[in-house]
Amino acid sequence: MPVTPAASLLILGIESSCDETGVALVRSTGQGVPVLRSHALHSQIDMHQAYGGVVPELASRDHIRRVLPLTQTVLAQAGAALDEIDVVAYTRGPGLAGALLVGAGVACALGAALERPVLGVHHLEGHLLSPFLSADPPQFPFVALLVSGGHTQLMRVDGVGRYEMLGETIDDAAGEAFDKSAKLLGLGYPGGPALSRLAAQGNAQAYKLPRPLLHSGNLDFSFAGLKTAVMMQARKLGPALDVPDSALKADLAASTEAAIVEVLVKKSLAALELCGLDRLVVAGGVGANRTLRAELNQSCARRGVRVHYPELALCTDNGAMIAMAAAMRLQAGMQEASRVYAFDVKPRWPLDQIGAA
Ligand code: KG4
Ligand code: ZN
C-alpha cells in the first residue's frame, strides 16, 4: 500500500529517547489537523530517583519492558487491532543511544512483521508540533520557544519542516538550569517540577541573580552562570538552607525561577518583534512551568500576542507528539514512510539538519 499524503492513516508513535516510554495512536485524514486517538506513558522517574539522575542502561532496559504492553494499551483504548496500524513512527534522535535503539528496534520489527512502513521522527520536532494536539491548535507562521532538558531555542516556524533558528543557548539549557539548581538545593530529580513547587512558597525578589545575555542584542541564551550564582548564594547561606521547611531555600528557589523565566519571556518577545509575528508556541518540558506560563500570558496579552502550549500532560516526553509529528510530516509531503527496516539512531541531531529524511 503506497503511503500518500492524502490517505487516511492510523499512525503508531513510539517515544523512548530518555526516561519516559510513550506510545500513542494518531489518525491522519490527509487534510486538517491529525487527531489523537489514544496515548499511554510510563515514566521512569521513580526508578532513577535513587541515583539522582537518569542511568542510561537502566533506562534502555525499562523501555524494553514497557513498550509492547503500552502498545497493547493504546490499541485497546482506541478499539483498534494491531493490523489496522498503517505506519509505525519512532523517535530517531536526539537522545540516549541505547534508549533510542529500543524504540527504533521495536518500531522496525513491528513494521516488518505487519508489512507496514516506518518513519523516524526528530524528538524536538515532536515537541515543536505538540501544541497541535491541543483543542485549540496554532496556525503557521509562529515563533516557537523550545525549552526542554537539553535544548533552549527560539525558532521561526513557517510550516512543517520549515524552521529557522533565531537563537539558542550557548551552554546550559533552561531545563538544565532548573535541574542543576534544584540539585544544589538538595531537591533531587527531576529538578524542574520540584524547584517550581518550592518556588511557589518563596519570595522571587529575595536574591538578586544574574539574567544572562538579557541585553546581548541577540536571541541567544546562557544559563551556566546562573547555576554558579545559585551555588555561591547557597554556600553563603550554608546550614540555614538545611533546616526543614527553610524559608530561605524557598526564596532562593523562587529567585532562581524568576531569573530563568524573565530571560525566556523577554527573549521570546524580542523574537516576536524581530519576526513581526503575533503568535507564540511554547513547547518542551519547561513549558509546563506555571510561572513561565503566567508571565508569558500576561506579557503577550498586553501586546496582542496569542500563546499556544501543549496540554500540560503532553509538555514532557510522550508518544503522542511523535505520532503527531509523523502524521504532519506525511500530510505535508515532507517525508515518506519507508519499508527499509534497517535502522539507525541519531543521539546528536540538530533540528536545523533534519533534512527530508
Ligand atoms: O522535554 P522534556 O520532557 O525532556 C527533554 O526532551 O529534555 O524536558 C525535561 C525538562 C527537565 O529539565 C525538567 O526539569 C523540566 O523539563 N521541567 C520543568 C517542569 N517540568 C519539567 N521545569 C520547570 N518547571 C516545571 N514544571
Ligand atoms: Zn523531550
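Two strands are taken to pair if DSSP finds at least two bridges between them. In the present model, which is predicted, strand β1 (residues 9–15) and strand β4 meet this criterion, pairing in the parallel sense over 4 bridges. Within this pairing, I14 has Y90 of β4 as its bridge partner. Strand β4 also pairs with strand β5 (residues 118–122), again in the parallel sense, and here 5 bridges are found. One of the residue pairs involved is A89 with L119, the latter lying in β5. Strand β4 itself spans residues 87–93 and is mostly covered, with 7 of its 7 residues buried.

Strand β2 (residues 20–28) contains R27. At a relative accessibility of 23%, R27 counts as partly exposed, because the buried class is confined to values under 20%. With neighbours within four places in sequence left aside, the contacts of R27 comprise S8, L9, L10, P34, V35, R37 and D86. A long separation in sequence is bridged at this position: R27 and M324 are 297 residues apart along the chain, yet their C-alpha atoms are 8.6 Å apart in space.

Two charged residues located in helices were examined for burial. D62 is placed in helix α2 (residues 56–78) and counts as buried, with a relative accessibility of 2%. When residues up to four places away in sequence are not counted, D62 touches H42, Q44 and M47. K267 is found in helix α8 and is likewise buried, its relative accessible area being 2%. Leaving aside neighbours within four places in sequence, K267 is in contact with L154, L213, L214, S216, N218, L219, D220 and F221. Of these contacts, L213 is separated from K267 by 54 residues in sequence and by 9.4 Å in space, C-alpha to C-alpha.

Helix α8, which covers residues 247–275, also takes part in the lining of the second largest pocket, as does α9 (290–302), each supplying at least two residues. The contribution of α8, at 8 residues, is the greatest to this lining. The volume of the second largest pocket is about 320 Å³. Its lining consists of 18 residues, among which A258, V261, E262, T291 and E295 are the closest to the centre of the pocket. By residue class, the lining divides into 7 nonpolar, 4 polar and 7 charged residues.

The cysteines were considered next. The structure holds 0 disulfides. C275 is in no disulfide, and the nearest cysteine sulfur, belonging to C300, is 13 Å away. A disulfide requires two cysteine sulfur atoms within 2.5 Å. For C315, the closest cysteine sulfur is also that of C300, and the distance of 15 Å is too far for a bond. C275 and C315 are both buried: the relative accessible area of C275 is 15%, and that of C315 is 0%.

Definitions and conventions
Residues are numbered from 1 along each chain as its sequence is written. Chains are lettered from A and ligands numbered from 1 in the order in which they are written. This is a predicted model: local features need pLDDT of at least 70, side-chain atom pairs count only at pLDDT 80 or more; totals for chains, interfaces and linings use all residues. Side-chain values use heavy atoms; hydrogens and water are left out. On a 1 Å grid over the protein atoms alone, a cavity is a set of points where a 1.4 Å probe fits but cannot get out, and a pocket is an open set with protein on both sides within 12 Å along at least five of seven lines; lining residues have an atom within 4 Å of a point. Grid points are joined across faces, edges and corners, and a volume is the space filled by probe spheres set on the points. Buried means under 20% relative accessible area, exposed over 50%, partly exposed in between (1.4 Å probe, protein chains only). Contact means heavy atoms within 4.5 Å.
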